[in-house]
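The following note was prepared for a colleague who has asked for a reading of the model below. Its points are numbered for ease of reference.

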Amino acid sequence: MITVERLSFAYPDGTQALRNISLSIRNGESAGIIGANGAGKSTLVNHLNGWLRPQSGTVKVEGSRSTGKNQENLRRMVGLVFQNPDDQLFMTRLFDDIMFGPGNLGLPRQESEAEAERLLRDFGLWELRGKPPSKLSQGQKRFAAFAAVLVMRPCVLVMDEPTSDLDPRNRKKLASLVNSLASTRITVSHDLDFIWDTCSRVFIMNSGRISAQGEARALLSNRELLEENALELPLRLQR
Ligand SMILES: Nc1ncnc2c1ncn2[C@@H]1O[C@H](COP(=O)(O)OP(=O)(O)O)[C@@H](O)[C@H]1O
Ligand SMILES: [Mg+2]
């Protein structure tokens, strides 16, 4: 479903962010990507929807390869919820923000509006649809950013640090949302408890490489492995 082969990437200033990454993620799987700050997690997932293009190696989603010509196709398939909701929401009315993606992709308007309404009601945001997104609380912005992506019905959902600004109740709400989706899900997070609750497989990144991969709870309870990668046990296992 998603295959990354020998992917390397350096930023224009010379920072080598990815070094020969290979991984595959199956259809419908929920995978976590963890690793210390600067490990390359965001750089990796920003390749999955064509936001960044491979400098060497390949990225394929459902057999469709990330190349210059194929970016729109990838954007249709892969929905990316950015680390910062302010990067996702920029219109003056919340509802227009939710409808921006479907309009851009040329999806049928009526169906998309109905889906937008369903998502906003689900997330308790319907009454706020006329408000500027900049006036929402951090938690509301986070769910609005999810709605803006889910309304495009991506077959792969990629989330970069989705819980960074959520209180415990909203974290729980987001975990059950993520667990209720049938699409392939990829979550980048420092929040190893959230990964524990939502992922079946985990990849650990360290200095631009995948340093370990395996069954989520086996990796997440391996203190030595986590410490080698500058990570700590999930809070629920610390006592
Ligand atoms: N736009 C950029 N220009 C130069 N270096 C960058 C840029 N974005 C990230 N980096 C560097 O690339 C490396 C990987 O960053 P990133 O993928 O953001 O890591 P993570 O998401 O795991 O914290 C880091 O060394 C970071 O400083
Ligand atoms: Mg990041």
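Which residue of β7 is the bridge partner of Val 81?

1. The model under discussion is a predicted one. In it, Val 81 has Met 159 as its bridge partner in β7. Val 81 belongs to strand β6, which covers residues 78–81. Four bridges connect β6 with β7, and the two strands pair in the parallel sense.

2. Strand β7 is also joined to β8, a strand made up of residues 184–188. Here the strands run parallel and five bridges link them. Within this pairing, Leu 157 lies opposite Arg 185 of β8. Between β7 and β8 the chain passes through helix α6, residues 168–180, and the resulting β-α-β crossover is right-handed.

3. The surroundings of β7 deserve separate mention. The strand consists of residues 156–160, and five of the five are buried, so β7 is largely enclosed by the rest of the structure. The burial extends to both faces. On one side are Val 156, Val 158 and Asp 160, and on the other are Leu 157 and Met 159, all of them buried. Met 159, the partner of Val 81, thus shares its face with Leu 157, the residue that stands opposite Arg 185.

4. As to the chain as a whole, nine helices and 10 strands are present. The radius of gyration is 18 Å, close to the 18 Å that the globule rule gives for 239 residues, and the chain is therefore as compact as a globular protein of that length. The C-alpha trace spans about 50 × 50 × 35 Å along its principal axes. Buried residues make up 42% of the 239. Of the contacts with a separation of 6 or more, 64% are between residues 24 or more positions apart.

5. The shell around ligand 1 can be listed in full. Its residues are Tyr 11, Asp 13, Thr 15, Ala 17, Gly 35, Asn 37, Gly 38, Ala 39, Gly 40, Lys 41, Ser 42 and Thr 43. By character, the shell comprises three nonpolar, seven polar and two charged residues. Helix α1, residues 41–45, makes the greatest contribution, with three residues.

6. Two residues merit inspection for their backbone angles. Most residues other than glycine have a negative phi. Ser 207, however, has a positive phi, near 50 degrees. Ser 207 is placed in the loop between β9 (201–206) and β10 (209–215). Ser 207 counts as partly exposed because it has 16 C-beta neighbours inside 10 Å, a count between the limits of 12 for exposed and 20 for buried residues.

7. Ala 230 is likewise not a glycine, and its phi is positive at about 60 degrees. Its position is in the segment after α9, which covers residues 223–228. With 14 C-beta neighbours inside 10 Å, Ala 230 also counts as partly exposed.

8. Is Gly 106 buried or exposed? Gly 106 is exposed, because there are 9 other C-beta atoms within 10 Å, and a residue counts as exposed at 12 or fewer. The glycine is found in the loop that lies between α3 (94–105) and α4 (109–122). Gly 106 and Leu 219 are separated by 113 residues in sequence and by 42 Å in space, taken from C-alpha to C-alpha.

How values were computed. Residues are numbered from 1 along each chain as its sequence is written. Chains are lettered from A and ligands numbered from 1 in the order in which they are written. This is a predicted model: local features need pLDDT of at least 70, side-chain atom pairs count only at pLDDT 80 or more; totals for chains, interfaces and linings use all residues. A residue is near a molecule or strand if its C-beta atom, placed from the backbone, lies within 6 Å of it. Ala, Val, Leu, Ile, Met, Phe, Trp, Tyr, Cys and Pro count as nonpolar, Asp, Glu, Lys and Arg as charged, and the others, Gly among them, as polar. Two strands pair if DSSP finds at least two bridges between them. A crossover is right-handed if, with the strands pointing away from the viewer, the path from the first strand over the helix to the second runs clockwise. The radius of gyration is taken over C-alpha atoms; the globule rule is 2.2 Å times the number of residues to the power 0.38. Two residues are in contact if their C-beta atoms, placed from the backbone, lie within 7 Å.
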